Amino acid sequence: MIWVSNRWKILLMITPAIIVFTMFVVYPVIYSGVFSFTRFQGFGAPTWIGFDNYIALFNDPFFWQALQNTIVILVVSLGILIPASFALALLLQRTIAGGGLMRALVFGPAIIAPILVGLIWVFILDPKIGLLNRALGAFGIPPVQWIGGDYLTPISVSVVFIWSSIGFAMTIFYAGLQLLPSDVMEASALDGATGWQQTWHIKIPMMRETFAIVTILMITNVFKIFELVYMLTGGGPVHRSETLVSYMYFITFTNQQYGYGMALAVIITILGAVVSIGYLAAAHRKESVS
């Protein structure tokens with residue numbers, strides 16, 4: 001009886017969270033999934049069209065451009081952000097003068113609204129009025145199309161995303177480093193392990209779960225990038241700088257093709273889940289082998 005009563009107490013305690021999660025996550029996902037099989041423009045009754053939206057989506061060159069841009073941003077961001085944020089956490093873990101201030105400065109961009117981050121970087125990267133091209137012009141270097149061009153826009157968005165996210169990732173790594181057992185570090189130091197050996201053979205293996213958490217969070221954040229692109233380029237020119245979410249916004253709210261936009265939303269959800277699960281499976285397989 002005690003076990004049963006405790007079980008019901010636990011159920012009652014988590015019921016509000018379950019209700020909120022169902023209302024704001026489960027229901028919208030199901031609703032979007034159903035509407036992705038319809039043609040709906042915001043008025044009148046939706047028309048059931050089956051898989052036509054998905055067929056049209058996979059024949060849409062702008063979708064493939066947005067997917068390519070998102071993949072570039074994902075690869076560049078993860079390749080730089082994860083090791084850089086961990087290195088910062090290692091650096092700021094040391095007892096140095098002004099360490100608290102440095103942690104606050106690094107974390108600062110993470111609390112700025114993404115729409116403001118995009119606005120700040122417009123004044124830096126804009127090909128005509130940007131500070132970066134003005135600085136290069138002082139050395140006789142011609143202007144560079146950092147944003148709004150054919151090639152550099154995804155890289156520029158990656159740089160802005162890294163700048164705005166590195167403090168958040170660093171904070172998680174810093175917390176993980178603080179939880180490592182000090183006796184293990186002391187024992188390894190007595191055995192003659194250098195700082196690099198401690199990091200590579202002790203800290204990184206013991207923080208695999210922390211690395212997984214940070215990586216999954218960054219993957220999901222990349223698949224949600226919208227405000228940065230909206231402010232930097234608006235998706236232009238001719239949708240060349242779109243990400244998946246910014247293109248979904250254009251389809252859904254600008255063109256008012258709600259069914260088509262919901263189909264893209266479903267694809268984004270599936271891609272994010274597949275990449276995240278794939279990473280976790282690869283990390284688990286590597287851990288099992290080692």
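A salt bridge is a side-chain nitrogen of Lys or Arg within 4 Å of a carboxyl oxygen of Asp or Glu. The model here is a predicted one, where local features need pLDDT of at least 70 and side-chain atom pairs count only at pLDDT 80 or more, while totals for chains, interfaces and linings use all residues. Residues are numbered from 1 along each chain as its sequence is written, and side-chain values use heavy atoms, with hydrogens and water left out.

**Exercise 1. Find Asp 126 and describe its surroundings.**

Step 1: Look in the loop between α5 (114-125) and α6 (131-137), where Asp 126 is found. Helices are DSSP runs of H or I with at least four residues, numbered from the N terminus.

Step 2: Check burial and charge. Asp 126 is buried yet has no salt bridge. Buried means under 20% relative accessible area, exposed means over 50%, and partly exposed lies in between (1.4 Å probe, protein chains only). Lys and Arg count as positive and Asp and Glu as negative, with His and the chain ends not counted. The nearest side chain of opposite charge belongs to Lys 128, 7.1 Å away.

Step 3: List the contacts, meaning heavy atoms within 4.5 Å. Leaving aside residues up to four places away in sequence, Asp 126 touches Trp 121, Asn 133 and Ile 147.

**Exercise 2. Work out why the pair Phe 253 and Tyr 258 is edge-to-face.**

Step 1: Recall the rule. Rings of Phe, Tyr and Trp (its six-membered ring) pair if their centres lie within 6.5 Å; planes under 30 degrees apart count as stacked, over 60 as edge-to-face and the rest as tilted. By this rule there are 23 aromatic pairs.

Step 2: Warm up with Phe 58 and Phe 63, an edge-to-face pair at 5.8 Å centre to centre with 85° between the planes. Phe 58 is partly exposed at 39% relative accessibility, whereas Phe 63 is buried at 1%.

Step 3: Now take the pair in the task. The ring centres of Phe 253 and Tyr 258 are 6.4 Å apart and the planes stand at 85°, so this pair is edge-to-face. Phe 253 is exposed at 51%, and Tyr 258 is partly exposed at 21%.

Step 4: Widen the view. Ring pairs link a cluster whose members include Tyr 249, Phe 253 and Tyr 258.

**Exercise 3. Decide where the buried residues of α9 lie around the helix.**

Step 1: Name the buried residues of α9: Gln 198, Thr 199, Ile 202 and Lys 203.

Step 2: Look down the helix axis. The buried residues of α9 fall within an arc of 130°, so they line one face of the helix; the arc is that of the directions from the helix axis to the C-beta atoms.

Step 3: Turn to the face pointing away from the buried side, which carries the exposed residues Trp 196 and His 201.

Step 4: Find the partners. The buried residues of α9 pack against α3 (61-93), α7 (153-178) and α8 (182-190).

**Exercise 4. Locate the cis peptide bond and two positive phi values.**

Step 1: The cis bond joins Gly 236 and Pro 237, with omega about -5°. Pro 237 sits in the loop between α11 (227-232) and α12 (244-254).

Step 2: His 239 lies in the loop between α11 and α12, and its phi is near 65°.

Step 3: Gln 256, in the loop between α12 and α13 (258-289), has a positive phi of about 60° although it is not a glycine.

Note on methods
Helices (H or I, at least four residues) and strands (E, at least two) are DSSP runs, numbered from the N terminus.
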